[in-house]
Amino acid sequence: MIQSLTDWLDRIGPRLERAFLEGDRWKLYLQGLGVTLQLTVVALIFGVLLGLVVATIRSAHDQQRPGRRKNPLLGAANLLCKLYTTVIRGTPMLVQLFIWTFVILPAERNKVLVGFIGLGVNSGAYVAEIIRGGLMSVDAGQSEAGRSLGLNYFDTMRFIVIPQAFKNILPSLGNEFITLFKDTSLVQAIGGMEMLYYAYTIGGRTFDYMPPLLGIALMYLLIVIVFTWLQGMLERRLRESDRR
């Protein structure tokens with residue numbers, strides 16, 4: 001068995017050297033990792049801002065008092081938001097990226113920028129439903145209390161409802177971050193130079209795809225583990241603050 005292990009190491013060693021050390025190729029993986037993290041963070045920020053707007057509009061529409069005349073502008077905005085979330089959540093991410101690349105922005109050469117937009121718009125639809133669920137989980141009496149203090153709808157949401165809803169949506173928001181981080185690999189399909197792009201490139205040069213693909217799979221896994229640990233630590237801190 002020891003001899004078999006030695007033979008396997010003798011075979012795999014040169015393959016690993018070609019994939020990671022030869023020509024300082026490890027720098028390409030780090031460069032791709034940097035682009036992947038930028039895609040994830042920027043797209044999530046864009047998605048959270050877009051999702052917050054959509055969730056606020058939909059919540060405001062649903063919370064209109066029965067028996068009173070409905071606001072037509074709010075109704076139209078709510079219809080657009082429902083159409084947006086339905087279309088985005090009902091179509092594959094890769095198809096959306098292709099539409100952004102070849103239909104909406106065919107002249108844009110910066111494919112990472114296209115990836116930012118595509119991932120952000122996609123994430124916004126899911127974040128909108130996450131936030132809307134969090135807003136609905138807050139007792140309606142909290143909103144009524146804000147109104148009784150003279151706050152308008154948006155100030156009530158900003159200072160009273162959203163801070164309470166954040167604790168409820170944190171786990172789902174963390175899961176969305178992890179999903180978005182892994183989905184950045186799809187940007188390679190439109191020419192975005194992230195981790196998978198460099199793994200394919202190195203595999204093509206060495207005629208050996210196994211080491212680079214396993215290498216980036218390990219990088220994805222380690223970062224997801226670290227983020228999951230940080231998310232759990234933040235959730236514990238929030239629970240401790242609630243007890244106090």
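**Close-up views of a nine-helix chain**

**View 1. Phe207, an exposed residue after α8.** Phe207 is exposed, because its relative accessible area is 75%, over the 50% cut-off. The model shown here is predicted. Phe207 sits in the loop that links α8 (195-206) to α9 (210-243). Its phi is positive, about 60°, although Phe207 is not a glycine. This residue follows α8.

**View 2. Helix α8 and its buried side.** α8 contains 12 residues. From first C-alpha to last, α8 reaches 17 Å, close to the 16 Å expected at 1.5 Å a residue. Its buried residues are Met195, Leu196, Tyr198, Ala199, Ile202, Gly203 and Thr206. These residues lie on the same side of α8, because they cover an arc of only 160° around the axis. The N-terminal end of α8 is capped by Glu194. A side-chain oxygen of Glu194 lies 3.1 Å from the backbone nitrogen of Leu196.

**View 3. The largest nonpolar core.** Nonpolar side chains tend to be buried together in soluble globular proteins. In this model, the largest nonpolar core has 22 residues. Leu39, Tyr84, Leu119 and Val187 touch the most other members. Five elements give two or more residues to this core: α2 (26-62), α3 (72-89), α4 (93-104), α5 (111-137) and α7 (153-183). With 7 residues, α5 gives the most. Apart from this core lies another, of 14 residues. Ile178, Phe181, Ile216 and Val224 are among the members of that other core.

**View 4. The surroundings of Leu39.** Which residues does Leu39 touch, not counting those up to four places away in sequence? Leu39 touches Val112, Gly115, Phe116 and Leu119. It also touches Thr184, Val187 and Glu194. Of these partners, Leu119 and Val187 are, like Leu39, among the core residues that touch the most other members. Glu194 is also the residue that caps the N-terminal end of α8.

**View 5. Val42 on α2, with Gly120.** Val42 lies in helix α2. Is Val42 buried, partly exposed or exposed? Val42 counts as partly exposed, because its relative accessibility is 41%, between the 20% and 50% cut-offs. Val42 and Gly120 are 78 residues apart along the chain. Their C-alpha atoms are separated by 7.6 Å.

**View 6. Asp24, in the loop before α2.** Asp24 is found between α1 (2-21) and α2. Its phi is near 50°, a positive value in a residue other than glycine. At 40% relative accessibility, Asp24 counts as partly exposed. Phe207, the subject of the opening view, also has a positive phi without being a glycine.

**View 7. The chain as a whole.** How many helices and strands does the chain have? It has 9 helices and 0 strands. From the N terminus on, the elements run α-α-α-α-α-α-α-α-α. The C-alpha atoms fill a box of roughly 80 × 50 × 25 Å along the principal axes. The radius of gyration is 23 Å, whereas a compact globule of 244 residues would have one near 18 Å. Buried residues make up 39% of the chain. Among contacts with a separation of 6 or more, 76% come from residues 24 or more positions apart.

Definitions and conventions
Residues numbered from 1 in each chain as written. Predicted model: local features only at pLDDT ≥ 70, side-chain atom pairs only at ≥ 80, totals over all residues. Heavy atoms only, no water. Core = buried A, V, L, I, M, F, W, Y, C linked by side-chain atoms within 4.5 Å. Buried < 20%, exposed > 50% of the residue type's maximum accessible area, 1.4 Å probe, protein only. Helix = DSSP H or I, 4+ residues; strand = E, 2+ residues; numbered from the N terminus. Contact = heavy atoms within 4.5 Å. Expected span 1.5 Å × (residues − 1). Arc of directions from axis to C-beta. Polar contact = N/O pair within 3.5 Å; in protein donor to acceptor, adjacent residues only side chain to side chain. Rg over C-alpha atoms; globule rule 2.2 N^0.38 Å.
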